[in-house]
Amino acid sequence: KIILVVVILIGLSTSNYAQSLFRSGIFLHHSTGEAIWEPNGSNTSVPNEMALYNTQKGYTEDNAVAMTETWFPAGNDNEWVTWHNLFDDSNGSIQPYLQNNKIIVIKTCFFFFFYMTGVGSPADTLNPALKTIYNYKWHWRSIIRVMQQHPENFFVIWTNAPLVPSSTNSQQASLVNQFCTWAKDTLAAGNDSLFGAFPPNVYVFDFFHKVTDDNGMLRLEYATSTTDSHPNDAATELVSPQFVHEIFN
């Protein structure tokens with residue numbers, strides 16, 4: 001009888017888990033994300049890759065993966081300090097997305113790289129817009145703490161978009177590289193001393209290291225031009241299938 005009860009409980013647990021799969025959501029982005037989402041002159045796109053993924057997995061109806069996208073937040077500002085404020089609910093703009101989408105994907109664009117001032121210190125938080133590694137880590141910890149409080153959602157947060165060599169320098173690229181390496185290899189691995197164990201409903205999509213060279217700069221084969229750091233068709237072909245597989249797997 002005990003064995004039978006255990007088997008039934010396991011079956012119920014498995015059934016409940018299956019019913020709570022995260023299969024659809026929204027991608028909140030600006031121009032870099034748009035380049036990866038769309039065909040962008042390539043032979044694929046995120047929607048195409050989702051359709052292919054469903055076919056390969058045999059997923060239909062409620063099991064089929066799906067995602068929409070939108071330019072968010074409005075305007076041209078989607079820096080980490082802005083996301084910090086959005087998730088702190090200082091203006092409430094993120095709330096409707098949390099309520100209406102099981103999966104939430106967020107990212108910032110490359111313009112925020114300019115004028116990084118250094119590694120920084122705790123005093124930097126007195127000026128939240130200051131571009132230091134310390135502040136970026138603080139923003140991420142705060143954002144992900146809020147995400148952790150919403151287990152009904154699954155969140156994906158991108159590391160940053162790099163710049164072509166003509167738009168940055170070795171010091172700037174090194175600072176961004178340090179931050180993105182920390183985000184994936186320390187924070188997401190549960191080894192950050194200030195954050196601790198990483199929540200299971202958050203995933204770090206390491207866009208930065210998919211398209212950079214050893215110096216932390218955007219590889220020219222993935223750039224629109226030597227002066228335009230937007231991802232090109234080759235970057236779309238590289239990243240869009242990884243985007244789909246990493247999120248939905």
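Visitor: What share of the contacts in the protein with a separation of 6 or more comes from residues 24 or more positions apart?

Guide: That's 74%. Keep in mind that this is a predicted model. The chain has 249 residues, and 47% of them count as buried.

Visitor: What makes a residue count as buried?

Guide: Its relative accessible area has to be under 20%, and 47% of the residues here pass that test.

Visitor: Which elements make up the protein?

Guide: You'll find 9 helices and 5 strands. From the N terminus on, they run α-β-α-α-β-α-α-β-α-β-α-β-α-α.

Visitor: Why is α3 called oblique to α9?

Guide: Look at the angle. The axes of α3 (residues 46–57) and α9 (residues 233–248) cross at roughly 50° and come within 8 Å. Roughly parallel needs an angle under 35 degrees, and roughly perpendicular runs from 65 to 115. The value fits neither range, so α3 is oblique to α9. The crossing is right-handed, too.

Visitor: Which residues make that contact?

Guide: From α3 come Val-46, Glu-49, Met-50, Tyr-53 and Gln-56, and α9 brings Ser-240, Pro-241, Phe-243, Val-244, His-245 and Phe-248. They split into 7 nonpolar, 3 polar and 1 charged.

Visitor: Which residues touch the most other members of the largest nonpolar core?

Guide: Among them are Trp-80, Trp-83, Phe-87 and Ile-106, in a core of 33 residues. Elements giving two or more residues to this core include α4 (80–87) and β3 (103–106). Ile-106 touches Trp-80, Trp-83 and Phe-87, to name some of its partners. There's also a second, separate core of 27 residues, including Trp-37, Val-46, Met-50 and Phe-248.

Note on methods:
Residues are numbered from 1 along each chain as its sequence is written. This is a predicted model: local features need pLDDT of at least 70, side-chain atom pairs count only at pLDDT 80 or more; totals for chains, interfaces and linings use all residues. Side-chain values use heavy atoms; hydrogens and water are left out. A nonpolar core is a set of buried Ala, Val, Leu, Ile, Met, Phe, Trp, Tyr and Cys residues joined through side-chain atoms within 4.5 Å. Buried means under 20% relative accessible area, exposed over 50%, partly exposed in between (1.4 Å probe, protein chains only). Helices (H or I, at least four residues) and strands (E, at least two) are DSSP runs, numbered from the N terminus. Contact means heavy atoms within 4.5 Å. Axes are lines fitted to C-alpha atoms, for helices over the stretch in contact, and angles run from 0 to 180 degrees between N-to-C directions. Angles under 35 degrees count as roughly parallel, over 145 as roughly antiparallel, 65 to 115 as roughly perpendicular and the rest as oblique. A crossing is left-handed if the near helix is turned anticlockwise from the far one by less than a right angle, and right-handed if clockwise. Ala, Val, Leu, Ile, Met, Phe, Trp, Tyr, Cys and Pro count as nonpolar, Asp, Glu, Lys and Arg as charged, and the others, Gly among them, as polar. Lists of a residue's contacts leave out its neighbours within four places in sequence.
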